[in-house]
Amino acid sequence: MRNLNMETLAVMNKVEMEAKLAQGNYVLFFTADWCPDCRFIKPAMPSIMEEFSQYEFITVDRDENIDLCQELMVMGIPSFIVYKNGKEAGRFVNKDRKTKEEVVDFLNNIA
């Protein structure tokens, strides 16, 4: 069985993050403990991770990484950005609550 615990990204800037993500496929999940819409999607994350096992999922705490979020133009949470071999491949970034179906549709449409 695959480990369904998400790594939490350490505090870093965009250059450091892109170096960390230089090899492989990643989904960054931008969240914060106080965010009710983030708490809404969290129970669905294990099944999303299972369905999209080709990606490594990494949690980004918006409050700890506020500078990185600003560099990436992530102004609303929860949000998702996909990286493939160090390059952004897609983003689902806005301030709206996201359903499991919306996240799955987003990930299914990444080329």
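These notebook entries record what I looked up in a predicted model.

**Entry 1: the nonpolar cores**

I began with the largest nonpolar core, which has 19 residues. I asked which of its members touch the most other members. They are Met17, Leu28, Phe30, Leu72 and Tyr83. I then looked up which elements supply this core, and found that S2, strand S3 (56-61), helix H4 (66-71) and strand S4 (79-84) each give at least two residues. S2 provides the largest share, namely three residues.

I next listed the contacts of Leu72, leaving out residues up to four places away in sequence. Leu72 touches Met17, Phe30 and Tyr83, and also Lys14, Ile81 and Arg91. Of these partners, I noted that Met17, Phe30 and Tyr83 had already appeared in the list of core members above.

Apart from this core I found another, of 18 residues. Its members include Val27, Ala44, Met49 and Phe106.

**Entry 2: the salt bridges**

I turned to charged pairs. Side chains of opposite charge can pair when their charged atoms come close. The count in this model is five salt bridges, and I examined some of them individually.

I looked up Lys20 and Glu7, which form a salt bridge with their closest N and O atoms 2.8 Å apart. The pair links distant parts of the chain, for Lys20 is in helix H1 (residues 14-20) and Glu7 is in strand S1 (residues 7-8), 13 residues apart. I checked the accessibility of both partners. Lys20 counts as partly exposed because its relative accessibility is 34%, and Glu7 is partly exposed because its relative accessible area is 29%.

I then recorded the salt bridge between the side chains of Arg97 and Asp37, at 2.9 Å from N to O. Where do the two partners lie? Arg97 is in the loop between strand S5 (87-92) and helix H5 (100-108), while Asp37 is in helix H2. They are 60 residues apart, and the pair links distant parts of the chain. Arg97 has a relative accessible area of 41%, so I entered Arg97 as partly exposed.

The next pair was Asp96 and Lys95, a salt bridge whose closest N and O atoms are 4.0 Å apart. Asp96 is partly exposed, with a relative accessible area of 41%. Lys95 is entered as exposed because its relative accessibility is 65%, and the cut-off for exposed is over 50%.

**Entry 3: Glu56**

I located Glu56 in strand S3. Is Glu56 exposed or partly exposed? With a relative accessible area of 36%, Glu56 is partly exposed. I listed its contacts, not counting residues up to four places away in sequence, and found Glu7, Asn25, Tyr26 and Val27. Glu7 is also the salt-bridge partner of Lys20, and Val27 is among the residues of the 18-residue core. I also looked up Gly24, whose C-alpha atom is separated from that of Glu56 by 8.1 Å. Glu56 and Gly24 are 32 residues apart along the chain.

**Entry 4: Asp33**

I closed with Asp33, in the loop between strand S2 (25-31) and helix H2 (36-41). Asp33 is exposed because its relative accessible area is 62%. Leaving aside neighbours within four places in sequence, I found Asp33 in contact with Arg39 and Lys42. I also looked up how Asp33 stands to Lys87: the two are 54 residues apart in sequence, and 28 Å apart in space from C-alpha to C-alpha.

Terms used:
Residues are numbered from 1 along each chain as its sequence is written. This is a predicted model: local features need pLDDT of at least 70, side-chain atom pairs count only at pLDDT 80 or more; totals for chains, interfaces and linings use all residues. Side-chain values use heavy atoms; hydrogens and water are left out. Helices (H or I, at least four residues) and strands (E, at least two) are DSSP runs, numbered from the N terminus. Buried means under 20% relative accessible area, exposed over 50%, partly exposed in between (1.4 Å probe, protein chains only). Contact means heavy atoms within 4.5 Å. A nonpolar core is a set of buried Ala, Val, Leu, Ile, Met, Phe, Trp, Tyr and Cys residues joined through side-chain atoms within 4.5 Å.
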